[in-house]
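Reader: I am a first-year student, and I would like a close look at one part of this structure. Please start with the overall setting, then go through that part residue by residue.

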Amino acid sequence: YVDVVECFTPDLPGNKPYPIWTKYDCRWKDNMFTKDDKNKTATLKDNDFNNNSNVISVTIPNEIEINKTNYSVTTIGNWAFELCYNLTKIVLPDGLETIGNMVFGYCVNLTEIVLPEGLTEIGVAAFDSCRSLTNIVLPKDLETIDKWAFTGCKNLPKKILDTIKLENIKTINDFAFGGCDYFKDYYKTI
């Protein structure tokens, strides 16, 4: 198994990360994924860590073994980490193609994230209200930034648009950067 999260308990001296027993025992389990046998791909299920204040750091594996077969992790399901208030760091799999709706919504302590180059779609409100997010690297070939994707990410610097090829973007829906001061000119236009 692969360690997935660092957990902490508020009553420990200094609140240092300390592995504790949680719903998922702080490890990836194959029942947390749905599999596509034809394409040998896997999706982290909807709501897997939703509203879990113990989650502070996550590394999603590139592959997950299910019934002795390896599947590439290509999608993070809707609301997977929504309301994980203490999440500060996440490492995404290299083969990730889709971030679902509200995946990191209200992860108010998430500070930075690097999105892998193969990512083509960021879902509705995927990073909604991640107000501590100050650095994000968007992949060059990103095709879709759905509505409200970065709404309320008031500390995002305008330079994040420099990392993508705007001509590759097929869709940037309404208010994708709503509430982000630097992006007020783009609320409706990109």
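Author: What follows starts with the whole chain, moves to one hairpin, and then goes on to the core, the cysteines and two other residues.

First, the ground rules. This is a predicted model, in which local features need a pLDDT of at least 70, side-chain atom pairs count only at pLDDT 80 or more, and totals for chains, interfaces and linings use all residues. Residues are numbered from 1 along each chain as its sequence is written, and side-chain values use heavy atoms, with hydrogens and water left out.

How confident is the prediction? The pLDDT is the predictor's confidence in each residue, on a scale from 0 to 100. The protein averages 80, and 76% of the residues score at least 70. Confidence varies along the chain. Among the elements, strand β1 (residues 5–6) has the lowest mean pLDDT, 54. Strand β8 (residues 98–99) has the highest, 97. Over residues 16–24 the pLDDT is below 50. That stretch still has 20 contacts in the model beyond near neighbours in sequence; a contact means heavy atoms within 4.5 Å. Where pLDDT is low, the predicted coordinates should not be read in detail.

Now the layout. The protein has 13 strands and zero helices. Both kinds of element are DSSP runs numbered from the N terminus: helices are H or I with at least four residues, strands are E with at least two. The chain has 190 residues, and 48% of them count as buried. Buried means under 20% relative accessible area, exposed means over 50%, and partly exposed lies in between (1.4 Å probe, protein chains only). Take the contacts in the protein with a separation of 6 or more: residues 24 or more positions apart account for 48% of them.

Here is the part to study: the hairpin of β2 and β3. Strand β2 covers residues 33–36 and strand β3 covers residues 41–44. The two run antiparallel and are joined by four bridges. Two strands count as paired if DSSP finds at least two bridges between them. Four residues lie between the strands of this hairpin.

Look at Lys40 in that loop between β2 and β3. Lys40 has a positive phi of about 55°, although it is not a glycine. Its relative accessibility is 37%, so Lys40 counts as partly exposed.

Next, step to Thr41, which is found in strand β3. Asp36 stands opposite Thr41. Thr41 counts as buried because its relative accessibility is 19%. What does Thr41 touch, not counting residues up to four places away in sequence? The list is Thr34, Lys35, Asp36, Tyr71, Ser72 and Thr74.

Strand β3 also pairs with strand β6 (residues 69–76). This pairing is parallel and has four bridges. Thr43 has Thr75 in β6 as its bridge partner. So β3 pairs with both β2 and β6, if pairing means at least two DSSP bridges.

From the hairpin, go to the core. A nonpolar core is a set of buried Ala, Val, Leu, Ile, Met, Phe, Trp, Tyr and Cys residues joined through side-chain atoms within 4.5 Å. The largest one has 47 residues. Phe81, Phe104, Phe127 and Phe150 have the most contacts inside it. β3, β5 (63–66) and β6 each supply at least two residues of this core. β6 gives the most, with three residues. In soluble globular proteins, nonpolar side chains tend to be buried together.

What about the cysteines? A disulfide is a pair of cysteine sulfur atoms within 2.5 Å. By this rule the count is zero. Cys107 has its closest cysteine sulfur in Cys84, 5.2 Å away, so it is too far for a bond. Cys107 is buried, at 0% relative accessible area. For Cys153, the closest cysteine sulfur is in Cys130, 5.0 Å away, again too far for a bond. Cys153 is also buried, at 0%.

Two last residues. Met102 is found in the loop between β8 and β9 (112–114). Met102 has a positive phi of about 55° although it is not a glycine, and counts as buried at 12% relative accessibility. Glu121 is in strand β10 (residues 121–122). At 31% relative accessibility, Glu121 counts as partly exposed. Its contacts include Glu97, Thr98 and Leu142. The C-alpha atoms of Glu121 and Gly100 are separated by 8.1 Å, with the two residues 21 apart along the chain.
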